[in-house]
Amino acid sequence: MKRREILTAAMTTGGAIAGLTLGTGTATAAPAAGRPPAAPGLAKKDTLAFAAGSEIRIGTALSGAWAPETSPYLQEGPYRDIAGGEFTSLTAENHMKWQPLRPDRDTFDFTEADSMMDFAAANGQVARGHTLLWHSQNPDWLEEGSFSAEELRAILREHIETVVGRYAGRIHQWDVANEIFHEDGALRAQENLWIRELGIGIVAEAFHWARAADPQAQLFFNDYNVDGINPKSDAYHALIQDLLADGVPVDGFSTQGHLSTRYGFPGDLAENLQRFADLGLRTAITELDVRMDLPDGAAPTEEQLAQQAEYYRRATEAALAVEGCESLTVWGFTDAYSWVPDTFPGEGAATLLDEEYRRKPAYYAVRGGERPRRPSRPDALTH
Ligand code: G3I
């Protein structure tokens with residue numbers, strides 16, 4: 001597959017753009033282009049970005065709820081400096097999902113999403129779009145509405161065209177379809193509103209609509225527990241081959257990489273990504289974190305931190321070993337803002353930095369472990 005020009009995020013100036021309200025005809029223009037992004041290769045030494053160089057985009061989820069006053073990248077100096085200086089790619093942890101974007105049927109509220117895109121552009125970073133078609137974090141008006149099939153299809157099409165179109169040329173990769181299979185490889189035909197009401201064909205349509213809205217973005221399937229070769233990743237491998245044969249514009253497959261030291265490391269990670277690369281796809285690791293058991297809120301032991309670092313090192317090595325794996329993103333970089341403790345009580349400390357932003361062994365494992373360097377390519381990432 002022809003390597004696509006990686007686009008830098010166009011700069012925007014000014015603060016967050018007010019929400020876009022459909023129906024009344026009032027709409028704010030998409031953010032205008034502003035200052036060019038930082039020149040490539042100017043990452044400070046002693047950062048992940050500097051170590052990653054042009055080999056791979058090293059990214060992080062940008063933590064944020066749904067109200068700017070609670071988003072650390074807008075509030076906290078250390079968080080801002082690290083988010084903007086250590087990484088070359090950002091993903092909105094929540095800001096670009098249906099629930100915060102779509103308070104009601106007629107409204108698109110881009111306040112937080114624009115704010116994140118402004119932050120990325122100001123730091124010369126690309127962004128990953130997350131996510132367009134998912135069974136989770138959909139607003140109640142959508143999940144509980146009584147829409148006909150054609151209304152529902154029109155709602156999804158309008159969403160994709162509006163959201164993807166707004167950031168056209170500024171999103172490196174979109175997670176178009178997120179988590180559409182169960183662990184056994186069966187389709188989430190009941191949980192996923194879109195598939196339940198419209199059938200699996202809606203997934204192909206979503207990719208076509210996204211391609212038309214932003215021909216430059218790489219369009220991905222994304223899921224968890226597809227790090228290794230298993231019934232779930234097999235299901236994607238089979239589906240994607242069928243879609244490609246039908247001319248559906250699928251560009252990539254990514255595994256989220258939510259790991260736990262309670263379980264073994266997925267040793268066939270590189271092999272699994274490689275088989276998607278062999279289909280001509282790009283791959284990525286999109287939400288890497290390694291949680292650990294912390295009974296009664298205990299601090300991690302040295303042994304736990306060492307095991308965590310080993311998992312991060314092996315994941316980084318796998319990403320670098322697979323041609324076309326252009327992006328490795330951690331799902332948050334500090335234990336101060338991690339989804340893990342709320343979701344997995346008794347587990348935590350899953351990220352690269354502790355709650356006081358101190359680097360853990362895992363940070364150095366991602367940055368500088370012995371790694372199989374791919375031969376540099378003339379078209380290697382330049383920024
Ligand atoms: O910000 C609101 C707050 O205003 C409100 O009062 C509160 C009421 O519950 O909710 C807050 O929103 C929370 C949001 O995170 C922002 O903090 C939601 O409750 C909470 O459910 C939501 O959790 C997110 C989760 O996805 C939802 O499924 C996590 O932050 C986020 O890290 C997690 O990310 C997912 C990826 O999108 C897909 N892959 C798995 C990954 C982990 O679940």
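**Figure 1. Strand 7, helix 10 and strand 8 form a right-handed β-α-β unit.** In this predicted model, helix 10 covers residues 231-245 and belongs to the unit together with the two strands. Strand 7 comprises residues 218-223 and runs parallel to strand 8. The two strands are joined by four bridges. Among the residues of strand 7, Phe221 has Phe253 of strand 8 as its bridge partner.

**Figure 2. Strand 8 also pairs with strand 10.** Strand 10 spans residues 282-293, and its pairing with strand 8 is parallel, over four bridges. Gly252 of strand 8 has Arg282 of strand 10 as its bridge partner.

**Figure 3. Both faces of strand 8 are covered.** In a regular strand, side chains alternate between the two faces of the sheet. Strand 8 consists of residues 252-255, with Gly252 and Ser254 on one side and Phe253 and Thr255 on the other. These four residues are all buried. Two of them were met in the earlier views: Phe253 as the partner of Phe221, and Gly252 as the partner of Arg282.

**Figure 4. The protein chain as a whole provides the setting for the close-up views.** The chain has 383 residues, of which 55% count as buried. Its secondary structure comprises 14 helices and 12 strands. Among contacts with a separation of 6 or more, 78% are between residues 24 or more positions apart. The chain exposes about 14,900 Å², and carbon and sulfur atoms supply 53% of this area.

Methods: Residues numbered from 1 in each chain as written. Predicted model: local features only at pLDDT ≥ 70, side-chain atom pairs only at ≥ 80, totals over all residues. Heavy atoms only, no water. Buried < 20%, exposed > 50% of the residue type's maximum accessible area, 1.4 Å probe, protein only. Pairing = 2+ DSSP bridges. Right-handed = clockwise from strand over helix to strand, strands pointing away. Contact = heavy atoms within 4.5 Å. Areas by Shrake-Rupley, 256 points an atom, 1.4 Å probe, with all protein chains shown as cover.
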